[in-house]
There are 2 protein chains.
Amino acid sequence: MVILLAADSSYKDKKVITIGIVSELTGLTERQIRYYEERKLVFPYRTPGGSRRYSFADVELLVEIANKIEDGVQTYEIRQEMVKQKKRNEAEEHKKMIQGQINAHFGIRKK
Amino acid sequence: MVILLAADSSYKDKKVITIGIVSELTGLTERQIRYYEERKLVFPYRTPGGSRRYSFADVELLVEIANKIEDGVQTYEIRQEMVKQKKRNEAEEHKKMIQGQINAHFGIRKK
DNA sequence: CGTGTAAGGAATTCTGACACG
DNA sequence: CGTGTAAGGAATTCTGACACG
């Protein structure tokens, strides 16, 4: 029997980090970080005052993006990959939801 | 039987949150947050420019502090508790370290 | 295409102090 | 003791643009 307690995603997904800190954390310039947003690769939260707030998940994503760009991948292509991945995830979600409804109707049998 | 506890402390302890965000997260005013630092209850990182950066652990600590103050506990008393707790932790650490050295010398037997 | 930079403005944060109690 | 506030300054962030290539 295995009991696994998942990583605390609450911290990872909270958008609380300013662009200056993200710059330090990733080694990217603020210019680069803003540009990747312009290309719709990252979506920081915006405060009422207009400044950007990133999550740790965003920070990790930014590093991945930067690596791909270093490898010669264009932002447009990276965007395409992300859209595709998102669709796969949604399909998976949908599948799980349907299964959940089936279970709700016929009862859940677990090995 | 295996019990795995992940608790990603890497995110929790990184000092990356500005005082404004901490204020939103905790509901405390910036004045309160700065005062608790003055009373040596929290220790944010300082950027070269002089501004404070807090971790999620700090945020949680601040909430606990605020609760105690609401209960009428004075900052000085809270400080005393923290110092005592720290000493207990260090004693525990020391004990573990000693045991580690013993194990290193005589071999580790695990049940 | 991806990034650097100077420009001017706006939002954020800092400290020390006076105030109340 | 714990917190509010006005004050002036410094650090941070924002946008739009010009530049290179």
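**Protein at a DNA strand, and rings between chains**

Helix H3 of chain A contributes the most to the surface near DNA strand C, with 4 residues. This is a predicted model. Start at the DNA, then move to the aromatic rings.

The surface near DNA strand C draws on both protein chains. Which elements give it two or more residues? In chain A there is helix H3 (30–38). In chain B there are helix H2 (19–26) and helix H3 (30–38). In total, 19 residues surround DNA strand C. The closest are Thr29(A), Tyr35(A) and Thr75(A), along with Arg34(B) and Arg52(B). By class, the residues of this surface split into 10 polar, 6 charged and 3 nonpolar.

What part of the DNA meets the protein? Of the atoms of DNA strand C that come within 4 Å of the protein, 76% belong to sugar and phosphate. Three side chains show contacts to phosphate oxygens of DNA strand C. Arg52(B) places a polar side-chain atom 2.3 Å from a phosphate oxygen of the strand. For Arg34(B), a side-chain N or O atom is 2.7 Å from a phosphate oxygen. From chain A, Tyr36(A) has a polar side-chain atom 2.8 Å from a phosphate oxygen. Both arginines also appear among the residues closest to the strand.

Now turn to the aromatic rings. There are 5 aromatic pairs over all chains. One of them is Phe56(A) with Tyr11(B), a tilted pair. Its ring centres are 4.7 Å apart, and its planes meet at 35°. This pair crosses between chains. Phe56(A) sits in helix H4 (residues 56–70) of chain A, while Tyr11(B) sits in helix H1 (residues 9–12) of chain B. Both residues are buried.

Phe56(A) has a second partner, Phe56(B). Here the centres lie 6.4 Å apart and the planes stand at 55°. Why is this pair called tilted? Rings pair if their centres lie within 6.5 Å, and planes that are neither under 30 degrees nor over 60 degrees apart count as tilted, so this pair qualifies. Phe56(A) is in helix H4 of chain A and Phe56(B) is in helix H4 (residues 56–70) of chain B, so this pair also joins two chains.

Are these two phenylalanines buried or exposed? The cut-off for buried is under 20% relative accessible area. Phe56(A) has 4%, so Phe56(A) is buried. Phe56(B) also has 4%, so Phe56(B) is buried.

Put the rings together. Ring pairs link Tyr11(A), Phe56(A), Tyr11(B) and Phe56(B) into a cluster.

Notes: Residues are numbered from 1 along each chain as its sequence is written. Chains are lettered from A and ligands numbered from 1 in the order in which they are written. This is a predicted model: local features need pLDDT of at least 70, side-chain atom pairs count only at pLDDT 80 or more; totals for chains, interfaces and linings use all residues. Side-chain values use heavy atoms; hydrogens and water are left out. Rings of Phe, Tyr and Trp (its six-membered ring) pair if their centres lie within 6.5 Å; planes under 30 degrees apart count as stacked, over 60 as edge-to-face and the rest as tilted. Buried means under 20% relative accessible area, exposed over 50%, partly exposed in between (1.4 Å probe, protein chains only). A residue is near a molecule or strand if one of its heavy atoms lies within 4 Å of it. A polar contact is a pair of N or O atoms within 3.5 Å; within protein, one must be able to donate a hydrogen and the other to accept it, and residues adjacent in sequence count only if both atoms are side-chain atoms. Ala, Val, Leu, Ile, Met, Phe, Trp, Tyr, Cys and Pro count as nonpolar, Asp, Glu, Lys and Arg as charged, and the others, Gly among them, as polar.
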